[in-house]
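Welcome! Please take a look at the model below, and then let us walk through a few of its features together.

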Amino acid sequence: GNDMTTQFLPDAQYFKDSILAGKFPVWNPWIMAGMPYLLDPQNFLWYPPNYLLLLMPLELGFFILLIGHFILAAVFACKVSDTLQSNRLVGWLGATMFVFSPKLIGHIEEGNWSLVIAACWLPFFYWALTHKRFNWVAIAISAIVINNLNIGYYAILFVATFFIFMKRSLLAKARRLLKMFFWVAVLTLPRWLPLLLFGNQTVRANLQEAPLPFWSWMKIGKSLISPLAEGHPGLQNEEILYVGIIPILLVVLFVVFKGQTLRPQGLTLMRFWIIWLAFISLIAVYLKTPFFYLIKFLPGFSLLRITTRPWIFVSLALAVFIPRIICGLAKRSKLLAGAMSIVILLEFAYFDYVIFSRRQLVKDAVPYRFYQTMVSNSVLSRAYCTTGCLDRLKAQELGIAVLGGNNPVQLTKFVNYLQKAGGYREASYFPILPPYTVFNQQPQPNAELLAQTATKFVISPYELKDDKLKLIDQNGGYNLYKNLVEPVEFRDHYFEIKM
């Protein structure tokens with residue numbers, strides 16, 4: 001019941017099936033009447049480790065990739081904590097704090113696969129940047145961009161801001177930045193070029209501002225201090241800014257009483273982090289202030305949609321500075337330093353446990369015999385659910401194409417068609433089609449329009465009124481209808497992009 005099951009697993013299955021069949025995946029026929037797979041900014045093609053998925057079952061492949069990236073994140077979070085020379089155990093505290101940070105775990109629970117993989121590169125990215133390994137910085141940024149354009153966007157801003165504080169001449173910094181970003185552009189060419197050429201034909205290109213989340217001062221306070229106080233559903237995972245009460249208290253106390261402890265590489269680096277974290281905080285809370293009338297002019301900012309994604313950099317900052325604070329504390333009392341470390345880990349463990357325990361297992365509500373009926377249809381066709389109820393992975397494995405779907409990019413032509421064919425209107429962008437916001441309106445689909453995309457079956461939890469949709473089965477609170485209008489021939493896609 002999260003992005004992993006509704007988007008990434010089915011997409012990975014299509015990627016795997018296509019490559020093993022010797023076909024280059026250009027169009028994904030399983031959702032949205034066929035969509036351009038190359039336009040999907042989270043497709044699996046351009047990140048080399050993804051090809052591990054070809055060698056084993058998907059679930060095992062995803063698990064191995066996740067553990068591998070956790071190890072990458074942990075090793076370099078330990079290095080950037082800058083404590084290995086004095087206390088290796090405290091260095092690993094920083095590593096544990098990043099890998100099990102509330103923000104990262106929240107994204108794992110939400111199934112935001114590409115974002116989690118991109119975030120796992122951040123400690124290596126920061127280590128390379130602070131050690132002036134600029135070729136490795138370019139590789140790290142490329143890996144982040146290839147996996148998640150949102151985190152990649154902020155990683156590029158991070159580097160540009162970092163260079164402002166570097167002690168080099170302006171000309172030298174400009175040359176280094178241009179060279180680095182040139183190689184990033186080359187390495188990530190397959191990801192951004194299709195979007196640059198054809199992205200204007202998608203509804204995402206029409207976004208004017210990043211609209212999520214919607215904040216109030218009370219909600220911000222709750223998000224920072226007690227996001228799980230009301231239990232599920234409470235705050236959505238994207239709205240959680242909680243980074244731990246103990247870490248924040250430690251930072252405040254040591255800034256007030258012993259600020260020099262936080263300066264692992266000098267005052268300049270500390271100033272950079274203050275500016276960067278203030279910038280990230282303003283973006284995350286996204287209140288209507290004069291700041292946002294300026295920030296929204298950043299190229300592409302409106303396309304990022306969710307403003308809390310860069311909050312993962314706060315988790316990186318804590319992994320860097322909390323071990324330094326603990327080391328300073330250990331000089332006075334090793335017992336107190338050890339106790340604080342244990343309390344931090346226990347706090348994170350409790351939060352992570354609650355995050356995972358509050359989501360209930362979502363079983364497919366659509367009766368399996370509905371799938372069997374649709375599979376028994378001798379003509380290849382599509383199926384549509386008025387409330388997006390079809391299990392996309394199950395349908396795909398059985399050879400049933402779904403008219404709706406979950407994807408961050410949709411062709412404008414298709415979205416306009418589906419609103420007419422599905423009988424609903426929704427002006428705002430939504431990655432799920434049909435969008436959740438219209439479910440309670442009980443939209444009435446049009447059989448004639450559905451037939452234009454070879455849609456032969458319609459599932460709905462309520463009665464449909466089109467007399468060309470014949471009720472053929474009822475079970476579990478759902479109705480299965482057969483489209484009596486002769487469908488057009490099934491095609492991989494009906495809404496081509498203009499070349």
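**The largest cavity**

The largest cavity is lined by Phe8, Gln42, Asn43, Phe44, Tyr47, Asn50, Trp113, Ser114, Ile146, Asn147 and Arg191. Here, a cavity is a set of points on a 1 Å grid over the protein atoms alone where a 1.4 Å probe fits but cannot get out, and lining residues have an atom within 4 Å of a point. This is a predicted model, in which local features need pLDDT of at least 70, side-chain atom pairs count only at pLDDT 80 or more, and totals for chains, interfaces and linings use all residues. Residues are numbered from 1 along each chain as its sequence is written, and side-chain values use heavy atoms, leaving out hydrogens and water.

**More on the cavity**

- Helix 5 (113–120) and helix 7 (134–147) are the elements that each give two or more residues to this lining; helices are DSSP runs of H or I with at least four residues, and strands are E runs of at least two, numbered from the N terminus.
- About 60 Å³ of space lies in the largest cavity.

**Helix 17**

- Phe370, Tyr371 and Met374 are buried (under 20% relative accessible area, 1.4 Å probe, protein chains only) in helix 17, residues 368–376.
- Down the helix axis, these buried residues fall within an arc of 100 degrees (taken from the directions from the axis to the C-beta atoms), so they line one face of helix 17.
- Their cover includes strand 3 (382–385) and helix 18 (392–398).

**Asp17**

- Asp17 sits in helix 1 (residues 3–20).
- Leu54 is 37 residues from Asp17 in sequence, and 8.5 Å away in space, C-alpha to C-alpha.

Key: Buried < 20%, exposed > 50% of the residue type's maximum accessible area, 1.4 Å probe, protein only. Contact = heavy atoms within 4.5 Å. 1 Å grid on protein atoms, 1.4 Å probe; cavity = no way out; pocket = protein on both sides within 12 Å on 5 of 7 lines; lining within 4 Å. Points joined across faces, edges and corners; volume = space filled by probe spheres on them.
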